[in-house]
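Here are some short exercises to work through with the model open beside you. Try each task before reading the solution below it.

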Amino acid sequence: MSVIWKGIMLLLAAGIFPMCLGMWCTHWGTAKDRLILNYISGWFFILAWFEIFCVPMTLLGVPYHILRLVCNIFFSVMAAAAVLAFRYQLLQIIKRAGEAIKNINFWGVIAAAAVAVQIFILVFYVHEDADDAFYVATAVTTLKTDSMYRFSSYTGMPLNGLPMRYALSAFPIFTAYFAELIHIHPTITAHTIFPAVLIAVAYLIYYQIGKELTGDKRKAAFFVMVVSFLNVFGNFSIYTSSSFLLFRIWQGKAVLAAILIPAVFLLAYRIYERKANWTEWITMFFLMCSCCMVSSMGVVLGPLVLGGFSLAELIRRRKIKEVLPAVVCLIPSIILGGIYLIR
């Protein structure tokens, strides 16, 4: 497989597909032409639907290649439908993106450079982590055995039963799926491709948070630079979000800490403070599914953060209807938690 073809597939999988699929979350919202919101919403869409497809198939013992076929068809059809249905919005986003690049400010350049340096270091100076023996090995085992959580990633021997803690969180399987999609080995994908993509996604979320809080692009870029500086010096413990972001972002729990939890803050602020419309709740639902998908801790931590915001809003507004959609967003966590307890 040529490098050029792999590059094209990577552009499709990590760039064009999330942008197109994000249309289903943002088209009816109040921020139709915002490039960043559309892109990160597309990732929530992908992770959520992968979880919805993967968990039932894992529990039923369906071979991996069936999951791959279903996901390929679904994501391709939804992306193509989005291009046809929302082509005007796509053109507007491309136009706005071009204008943003032309009008980038000083702090924007500095922030982009700081993020690029962090990505460069992690991609070209590989960090080895002991947890790779499970997470990355599970992705490799999935492709080699055409099964999901049926063989031990440590020994290769058949498992006596499903490891429910991991079977309900499909991120290692997603690593295998993404690696196969771009025709790159899962180990290389995890250590080289995912850091470049996911660190960028994390800082895009931080940029959007800064923009929501300040309402100014220059201040938002400065906010990203400050967060970047704090992350560089945040390795005072292996359990900080900075360590997860810059040392092992290819692991599901790192995606939860560095990307999805900040995204819950972003969407909750937009919903409760900016009074965004119902489409933001759809995105929040996908985000809660994504939290469950990346880690078993996300089944608890995602709803906990959303519940904290919702409780504060209930105390402030004293209108229970304002927070009722949050209960709907908790359904994925309730279902998966129930399955874990029953099995």
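**Exercise 1. A helix and its surroundings**

Task: In this predicted model, find how far helix α14 reaches from its first C-alpha to its last, and set that against the expected span.

Solution: Start with the ends. Helix α14 covers residues 278-294, which makes 17 residues. From first to last C-alpha the helix reaches 25 Å, close to the 24 Å expected at 1.5 Å a residue. Next, look at burial: 14 of the 17 residues of α14 are buried, so the helix is largely enclosed by the rest of the structure.

**Exercise 2. A salt bridge from α14**

Task: Work out which residue forms a salt bridge with E280, and where the two partners lie.

Solution: The partner of E280 is R270, with the closest N and O atoms 2.7 Å apart. E280 belongs to helix α14 and R270 to helix α13, so the pair ties together parts that are 10 residues apart in sequence. Finally, check the surroundings of the pair: both E280 and R270 are buried.

**Exercise 3. Two more salt bridges**

Task: Compare the placement of the pair E180 and R68 with that of the pair R316 and E313.

Solution: A search of the whole structure finds 8 salt bridges. In one of them, the side chains of E180 and R68 meet at 2.8 Å, N to O. This pair links distant parts of the chain, with E180 in helix α9 (residues 171-182) and R68 in helix α4 (residues 64-85), 112 residues apart. E180 is partly exposed at 27% relative accessible area, and R68 is partly exposed at 28%.

Now turn to R316 and E313, whose closest N and O atoms are 2.9 Å apart. Both residues lie in helix α15, 3 residues apart, about one turn of the helix. R316 is partly exposed, at 44%, whereas E313 is buried, at 3%. Salt bridges that share partners join E273, E313, R316 and R317 into one network.

**Exercise 4. Classifying ring pairs**

Task: Decide whether the rings of F134 and Y154 are stacked, tilted or edge-to-face, then do the same for F265 and F309.

Solution: The whole structure holds 30 aromatic pairs. For F134 and Y154, the centres are 6.1 Å apart and the planes meet at 40°. Planes under 30 degrees apart count as stacked and over 60 as edge-to-face, so the rest are tilted, and that is the class of this pair. F134 sits in helix α7 (residues 132-145) and Y154 in the loop between α7 and α8 (164-167), 20 residues apart. F134 counts as buried at 13% relative accessibility, while Y154 counts as exposed at 61%.

For F265 and F309, the centres are 5.1 Å apart and the planes are at 85°, so the pair is edge-to-face. F265 lies in helix α13 (residues 252-272) and F309 in helix α15 (residues 298-317), so the pair ties together parts 44 residues apart in sequence.

**Exercise 5. A buried glycine**

Task: Locate G22, and decide whether G22 is buried or exposed.

Solution: G22 is in the loop between α1 (3-21) and α2 (23-26). Buried means under 20% relative accessible area, and G22, at 0%, therefore counts as buried. Leaving out residues up to four places away in sequence, G22 touches N38, S41 and G42. Follow one of these, S41, into helix α3 (residues 35-60). S41 is buried too, at 4%, and its contacts beyond four places in sequence are G22, C25, T26 and T283.

Definitions and conventions. Residues are numbered from 1 along each chain as its sequence is written. This is a predicted model: local features need pLDDT of at least 70, side-chain atom pairs count only at pLDDT 80 or more; totals for chains, interfaces and linings use all residues. Side-chain values use heavy atoms; hydrogens and water are left out. Helices (H or I, at least four residues) and strands (E, at least two) are DSSP runs, numbered from the N terminus. Buried means under 20% relative accessible area, exposed over 50%, partly exposed in between (1.4 Å probe, protein chains only). Contact means heavy atoms within 4.5 Å. The expected span of a helix is 1.5 Å times one less than its number of residues. Rings of Phe, Tyr and Trp (its six-membered ring) pair if their centres lie within 6.5 Å; planes under 30 degrees apart count as stacked, over 60 as edge-to-face and the rest as tilted. A salt bridge is a side-chain nitrogen of Lys or Arg within 4 Å of a carboxyl oxygen of Asp or Glu.
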